[in-house]
Amino acid sequence: MSVVKNIPEVSTFTFLRQAISILNNPLPFHHKNFERYGDTFKLNVGPKSYAIFSRDAELAEYVLQKNWKNYKKSPIQTKDLAKYLGQGLLTAEGDHWRTQRKLIQPAFHKKHIEHLLTVIKQTIVDELASIKPNKDIDVLPMFSNLAFKVVVKALFSNAASDSEIKLLQGVTEENQEMLVKELRQPYLAWYFKHFGIIEKHLSRSKASRDVLQTIIDKRRNSSIEYNDLLDMLLQTRYDDGSQMSDEQLIDEILVLFVAGHETTANALSFAVQLLAQHPNWQTKVVSQYKQILEQHDTDIMSAIAMSAYAKQVVEETLRLYPPAYFIDRVNIEDDSFKTYQFKKESSILLSIIEIHKHKDLWENPEEFNPNRFSPEKAKSYSSQYFPFGAGPRKCIGNNFAMYEMIIAISEVLLRFEILPTKDTIEINPLITLKPKNAIVRLQPRA
């Protein structure tokens, strides 16, 4: 029988003493604690209030996959985020989540996404055509626009006007920024509430829901079949033969906007900066892509499948800069793992970025080396690589995101050589891991 050990603790005093630096960027604080206390530690944030942080890949696999039924999402998602997005897949729990996942999963099957690839690629090509070359450019806003339009076009085809797309994108980004303020400045909750700031954002959310309702109504009354995601979602049926309500459909669409555009934009922005620092990988990707296009110009799925170098670049980017850099769970009942005991209702934060850079799991973990994801090596990392989560709650759109990123990187490099403007890559850890000052120079490829 294993000996029960107490989890090493970080005091409330230590936490409060560094509160300001943690507010700006908590990652150095957590890294220092991991290095000092080991792969799992308890952070006391107040009287009888604590969170368990871990970079133990085996614990992550246990919580997310092997014993997932005993773990639920934290109130950050099921309550705080849900007030803006509703009860979609990202924020739902229990039987409601299971029902929705079963209903929606087929729409994201590889075969269904294959029908959307022409739209995805054309949207990317159109957005890249607006780039002004030979200028220093922050690529995050560019990729944010690109990724949002990809999601909208894949969802609605041409049903949304430019003004509607702009409104939907604006509300999505504004609400995420507001949520960050609420989570990192809880002492201002009274201010946000009594001065109508939260109410203003909820009102904007209502406006975006009205736009979506109009689009849904028009589609229901249309005789044209678009074979986009909206058509698929409208055609799905529960086990009793009933359809998803419009309110629930809007909840799921809003989740797709958030999960489908920001994380992709972040990853692409990091990838471009990494490629700027590693021109040899630019050459590998574009040379392979040109050869592929000679034979598979119209077969986009085959082109994606053959774009091994672009895929490796994306996967290595997601290792170094995982958009979901923390995954949080709360255990429903008491649990134990290895030598530790977790009381029920413990907040457990799995540091995906620390797992992805753990020196015991990866050779030269800070080094950008897409070769580690070559076809013969990639499967060996499945138990320590979680860019889209793991288990039954793994991101439903992971294939969609990978296809989009592979196309986007390939098409960027087909047109441009990426030149660095600085030596370092800056991060801004908010709800997701965002790049900061993601500035490069795009020079037309000769």
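These legends describe an overall view and several close-ups of a predicted model.

**Figure 1. Overall view of the predicted protein, with 20 helices and 13 strands.**
The radius of gyration is 22 Å, close to the 22 Å that the globule rule gives for 446 residues, so the protein is as compact as a globular protein of that length. The C-alpha trace spans about 60 × 50 × 45 Å along its principal axes. Of the 446 residues, 52% are buried. Among contacts with a separation of 6 or more, 75% join residues 24 or more positions apart.

**Figure 2. Surface and charge of the protein.**
The accessible surface comes to about 21200 Å². Carbon and sulfur atoms hold 52% of that area. The protein carries 56 positive and 54 negative charges. The mean positions of the two sets lie 3 Å apart.

**Figure 3. Helix α4, residues 57-66, within the structure.**
Seven of its ten residues are buried, so the helix is largely enclosed by the rest of the structure. The buried residues are A57, L59, A60, E61, Y62, V63 and L64. E61 therefore belongs to the buried set, under the 20% cut-off for relative accessible area. D56 sits at the start of α4. One of its side-chain oxygens comes within 2.9 Å of the backbone nitrogen of E58.

**Figure 4. The surroundings of R319 in helix α17.**
Helix α17 covers residues 308-320 and contains R319. Is R319 buried or exposed? At 0% relative accessibility, R319 counts as buried. Its side chain meets two backbone oxygens. A polar atom of the R319 side chain lies 2.8 Å from the backbone oxygen of H356. A polar atom of that side chain is also 2.8 Å from the backbone oxygen of P365. Beyond its neighbours within four places in sequence, R319 is in contact with H356, K357, W362, P365, E367, R372, F373 and Y385. H356 and P365 thus appear both in this contact list and as the backbone partners of the R319 side chain.

**Figure 5. E182 and its partner K83.**
E182 is found in helix α10. Its relative accessible area is 16%, and E182 is buried, because the cut-off for burial is under 20%. The side chains of E182 and K83 are joined by a polar contact of 2.9 Å. Which residues does E182 touch, not counting those up to four places away in sequence? They are K83, Y84, F192 and I198. K83 is thus both a contact of E182 and the partner in the side-chain polar contact.

**Figure 6. K153 in helix α9.**
Helix α9 runs over residues 139-156 and includes K153. K153 has 21% relative accessibility and counts as partly exposed, because buried means under 20% and exposed means over 50%. Leaving aside neighbours within four places in sequence, K153 is in contact with V119, T123 and N158. T123 is 30 residues from K153 along the chain. The C-alpha atoms of K153 and T123 are separated by 7.6 Å.

**Figure 7. Two asparagines with positive phi, N134 and N227.**
Most residues other than glycine have a negative phi. N134 has a phi near 60 degrees. N134 is found in the loop between α8 (117-128) and β5 (136-138). Its relative accessible area is 41%, and N134 is partly exposed. N227 has a phi near 60 degrees. The loop that holds N227 lies between α12 (197-220) and α13 (229-235). N227 is partly exposed, with a relative accessible area of 42%.

**Figure 8. L188 in a loop between two helices.**
The loop lies between α10 (162-184) and α11 (189-194). What is the relative accessible area of L188? The value is 23%, and L188 is partly exposed. S245 marks a second point for this view. L188 and S245 are 57 residues apart in sequence. Their C-alpha atoms are 36 Å apart in space.

Conventions: Residues numbered from 1 in each chain as written. Predicted model: local features only at pLDDT ≥ 70, side-chain atom pairs only at ≥ 80, totals over all residues. Heavy atoms only, no water. Helix = DSSP H or I, 4+ residues; strand = E, 2+ residues; numbered from the N terminus. Rg over C-alpha atoms; globule rule 2.2 N^0.38 Å. Buried < 20%, exposed > 50% of the residue type's maximum accessible area, 1.4 Å probe, protein only. Contact = heavy atoms within 4.5 Å. Areas by Shrake-Rupley, 256 points an atom, 1.4 Å probe, with all protein chains shown as cover. Lys, Arg positive; Asp, Glu negative; His and termini not counted. Charge placed at Lys NZ, Arg CZ, Asp CG, Glu CD. Polar contact = N/O pair within 3.5 Å; in protein donor to acceptor, adjacent residues only side chain to side chain.
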